[in-house]
Amino acid sequence: MPVPAVARARVVDVAVIGAGVIGLSIAWRLKRAGHSVLIIDPDPGSGASFAAAGMLAPVTEFHFQEQALQEQLLRSAALWPGFASQLDADIGYCAQGTLLLGVDAADRRALVELMAAQSELGVPTQAVSSRELRSQEPFLAAGLSGHFVPGDHQVDPRKLCMALLAGLDLVRHRALRLSPGKVHLEDGSSVLAEQVVVANGVAAAELLGPSLAPRLRPVHGDILRLSVPGELSPLLSHTVRALVRGSSVYLVPRQDGSLVIGASQREDASSLPSAGAVYALLRDAQALLPAVAELALNEVTARARPATVDNAPLLGRVSEQVLLATGFFRHGVLLAPLAAEISLQLLTGDPAATPLGFRPQRFREKQGDGRRSPLLDRGTGR
């Protein structure tokens, strides 16, 4: 005789829906603070975090008009050494620094303007000539120049997710809906939780309702993983981000000798890798590092990253029992430790913990109509 769903309910302080790097980091931080936590995800670590290159790049990921966001990126970057140390696991954390390069004169002018826009924040960078580059990275193409950014690091998101998940309780089911104090799962069971964190990326709209959808969109990215033969190893010792005749590309060397190349941005409906994007990534990567043509292409991955209209996350309370943590777009891995700290503060009674630029209600508030966001109107988070 089947056991009634009510009898099979788990009871925890906090249920975290979504086992990407954001959900896992929040859950890990809450558990360290003494809370009972349950992660809910049918396939942990398989979404955008699985594809991510793991660049911790508050400087080289900077875009114009995003100064307020960059302040939070720098704040989170400062948390990363301690965060990595507390995990006490091999997560591929590397503090070697990043090279920001331009292929032609127009690319280099664009990078100079980009660096100048950050001068008010006191970000340390260093101009690097073509000669200096070749002495540090002999496999790079001739004629490149740009900037060295010592504070932009990297981590391996797949190893990171495994390390975070290792000490957490997990339910491998999909969350179907929320009701006050309860998460209903696809197998008919439920989780009783004093607080719920919705951190399942673009799918958050399925739980919190259709009005969230216009504020959250999927941006697909294609990313390549290549293996480096022994005779070419080490091919790179620094992460390289570059403009190649106006197009962005990055190359991330892993500690295991492999190379990650990315990443396209596509706002189409296809979750499959794009042949055109793969071609463009390999073409531009080879312009920077000619030996790319000699590497084996091991993996092509495409995933949807959750993005908002202003490229900043949706992080904050949407009801007395529900916290939203999604929309991290390009910065999920970098912002993970800050998102975890903010979430802990929010869930333990500090309503002012969320930066104004991250508030889920900010788009409605900007309209100035005086109305509450519909995200705040029900106990289920809608």
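**Notes on a predicted model**

1. A263 is found in the loop between β15 (259-262) and α8 (275-288). It is worth a look in this predicted model, as a cis peptide bond joins G262 and A263, with omega at about -20 degrees. A second cis bond runs from S233 to P234, with omega near 0 degrees. P234 is found in the loop between β12 (217-227) and β13.

2. Staying with the backbone, two residues have a positive phi without being glycine. R245 has phi near 50 degrees and is found in the loop between β13 and β14 (247-253). F329 has a positive phi of about 50 degrees and lies in the loop between β18 and α9. Their surroundings contrast nicely: R245 is exposed, with a relative accessible area of 54%, whereas F329 counts as buried at 8% relative accessibility.

3. Stepping back to the whole chain, you will find 10 helices and 18 strands. The radius of gyration is 21 Å, close to the 21 Å that the globule rule gives for 382 residues, so the chain is as compact as a globular protein of that length. Along the principal axes, the C-alpha atoms fill a box of roughly 70 × 50 × 40 Å.

4. Some totals for the chain may help here. Of the 382 residues, 53% count as buried. The accessible surface comes to about 16200 Å², and carbon and sulfur atoms account for 53% of that surface. Among contacts between residues at least 6 apart in sequence, 75% join residues at least 24 apart.

5. Now to the interior. In soluble globular proteins, nonpolar side chains tend to be buried together. Here the largest nonpolar core has 46 residues, and those with the most contacts inside it are I22, W80, I91, L160, V197 and A325. At least two residues of this core come from each of β1 (10-17), α1 (21-32), β2 (37-40), α3 (67-87), α6 (157-165), β18 (322-326) and α9 (332-347). Helix α9 gives the most to this core, with 10 residues. Apart from it lies another core, of 30 residues, among them L232, L235, L288 and V292.

6. I22 is a good place to centre your view. Not counting residues up to four places away in sequence, I22 touches A199, A325, F328, G332, L335, A336 and A339. G201 and I22 are 179 residues apart in sequence, yet their C-alpha atoms are 9.1 Å apart in space. G201 itself lies in the loop between β11 (190-198) and α7 (204-208), and at 16% relative accessibility G201 counts as buried. Beyond its neighbours up to four places away in sequence, G201 touches L216, P306 and T326.

7. Strand β4 deserves a point of its own. Of the 5 residues of β4 (residues 98-102), 5 are buried, so the strand is largely enclosed by the rest of the structure. T98, L100 and G102 point one way from β4, while L99 and L101 point the other way, and all are buried. On the pairing side, β4 and β6 (residues 145-149) run in the antiparallel sense over 5 bridges, and β4 and β13 (residues 239-244) pair in the parallel sense over 5 bridges. L99 takes part in both pairings: its bridge partner is F148 in β6 and V240 in β13.

8. T301 is a polar residue to check by eye. T301 lies in strand β16 (residues 296-307) and is buried, with a relative accessible area of 5%. Its side chain makes a polar contact with the side chain of E299, at 2.6 Å. Leaving aside neighbours within four places in sequence, T301 is in contact with F50, A51, R158, G221, D222, I223 and R225.

9. Finally, a loop residue after α9. A353 has its place in the loop between α9 and α10 (362-366) and is buried, with a relative accessible area of 9%. Apart from residues up to four places away in sequence, A353 touches I342, Q345 and L346. The C-alpha atoms of A353 and G316 are separated by 8.5 Å, with the two positions 37 residues apart along the chain counted as their sequence separation.

Note on methods: Residues numbered from 1 in each chain as written. Predicted model: local features only at pLDDT ≥ 70, side-chain atom pairs only at ≥ 80, totals over all residues. Heavy atoms only, no water. Core = buried A, V, L, I, M, F, W, Y, C linked by side-chain atoms within 4.5 Å. Buried < 20%, exposed > 50% of the residue type's maximum accessible area, 1.4 Å probe, protein only. Helix = DSSP H or I, 4+ residues; strand = E, 2+ residues; numbered from the N terminus. Contact = heavy atoms within 4.5 Å. Pairing = 2+ DSSP bridges. Rg over C-alpha atoms; globule rule 2.2 N^0.38 Å. Areas by Shrake-Rupley, 256 points an atom, 1.4 Å probe, with all protein chains shown as cover. Polar contact = N/O pair within 3.5 Å; in protein donor to acceptor, adjacent residues only side chain to side chain.
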